[in-house]
Amino acid sequence: MYEFGGDDVTTQMPVLYVISDALGETAEFVGRAAAAQFFGVKTRIRRVPYVRDEAHLEDIMEEAMAEEAILVYTLVLKGLRDYLEKRAAEKGLKTVDILGPLIGALSNLTGMEPTHTPNIIHRLDEQYFRKVEAIEFAVKYDDGKDSRGVLYADVVLIGVSRTSKTPLSMYLAHKGLKAANIPLVPEVDPPEELFRISPRKVIGLTLRPELLNQIRTERLKTLGLGATADYANLERIMQELEYARGIMKRIGCPIIDATGKAVEETASIALEILFKGERNV
């Protein structure tokens, strides 16, 4: 139940019970920092993580009484804090609340109520790393660089060139979703992995031919190429869109017409499709 640190026990050795509804790392660090101010005094620290109920607190206090320990705690659940303070006072145990005063000060300053969520820092860390991992995934499996990514993606975006597959992949990655995207070109067969995954994971993107023609024409200009290239030819674009729609129909995936939509709006529709099972928009 407990994690031990420090040196061997003697009768005169101060004992700190570090109590937390999470890992207790913060309180232990503070306890060690305080103990380090007393040269020649050996202090033993007992860390008790994941304390979530009053019965557990009672067990801890019974043991702490036998060692005349100081209770150092980082409990964000107010009910547990109040219970610990009340019962510790009745038992003659000293307590040190690490987080309570600062949480109270911040609450008074902001006018907001704290969430009282245990282990919230680690939850936020998990969200951050999940987002970073998703962004790295989107970069690695962008534009069909490696079709194996289709098998591991949360969502696979397909469509002809310049239908906003990459921007949408990155936007969804910032939401923590691993997105791969595959360009559909009539002369190149789609990767076989695309037909092995659930169609619910695949989203087709399309645009009106006239808009796609404008976008591709501008793209050619930025590259210093003539606007008459086959890439921006309206007839060619219509052929590509027809081919892509055939692939999407074969897969049985939902299709989003991104014409006139910002990336944020398209992403909102994509998320609704993924989590609510909507089909064509």
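# Helix 9, strand 3 and the annotated site

User: What phi does Gly252 take just after helix 9?

Analyst: This is a predicted model, in which local features need pLDDT of at least 70 and side-chain atom pairs count only at pLDDT 80 or more, while totals for chains, interfaces and linings use all residues. Residues are numbered from 1 along each chain as its sequence is written, and side-chain values use heavy atoms, with hydrogens and water left out. Helices (H or I, at least four residues) and strands (E, at least two) are DSSP runs, numbered from the N terminus. Just after helix 9, Gly252 takes a positive phi of about 85°.

User: How far does helix 9 reach from its first C-alpha to its last?

Analyst: Helix 9 spans residues 234-251 and has 18 residues. The expected span is 1.5 Å times one less than the number of residues. For helix 9 the expected value is 26 Å, and the reach from first to last C-alpha is close to this, at 26 Å.

User: Which residue caps the N-terminal end of helix 9?

Analyst: The cap involves the backbone nitrogen of Glu235, which has a side-chain oxygen 3.0 Å away. That oxygen belongs to Asn233.

User: How wide an arc do the buried residues of helix 9 cover around the axis?

Analyst: Arg236, Ile237, Glu240, Leu241, Ala244, Ile247, Met248 and Ile251 are buried in helix 9, where buried means under 20% relative accessible area, exposed over 50% and partly exposed in between (1.4 Å probe, protein chains only). These buried residues lie on the same side of helix 9 because the arc, taken from the directions from the helix axis to the C-beta atoms, is only 135°.

User: Which residues are exposed on the other side of helix 9, and what covers its buried residues?

Analyst: The exposed residues on the other side are Glu235, Glu242, Lys249 and Arg250. The cover over the buried residues of helix 9 includes strand 6 (155-159), strand 8 (202-206), helix 8 (209-222) and strand 9 (255-257).

User: Which residues is Arg162 in contact with, leaving aside its neighbours within four places in sequence?

Analyst: The unreviewed UniProt entry lists Arg162 among its "binding site" positions; such annotations may be inferred rather than shown by experiment. Arg162 lies in the loop between strand 6 and helix 7 (165-173), and it counts as partly exposed because its relative accessibility is 35%. With contact meaning heavy atoms within 4.5 Å, its partners are Leu207, Leu212, Ile215, Arg216, Arg219 and Tyr231.

User: Which side chain does a polar contact of 2.6 Å join to that of Thr166?

Analyst: Thr166 is also listed for "binding site" in the unreviewed UniProt entry, and it lies in helix 7. A polar contact is a pair of N or O atoms within 3.5 Å; within protein, one must be able to donate a hydrogen and the other to accept it, and residues adjacent in sequence count only if both atoms are side-chain atoms. The side chain joined to Thr166 at 2.6 Å is that of Asp142.

User: Is Arg47 buried or exposed?

Analyst: Arg47 has its place in strand 3. Its side chain makes a polar contact of 2.5 Å with the side chain of Glu28, and a polar atom of that Arg47 side chain lies 2.7 Å from the backbone oxygen of Leu23. Because its relative accessible area is 13%, Arg47 is buried.
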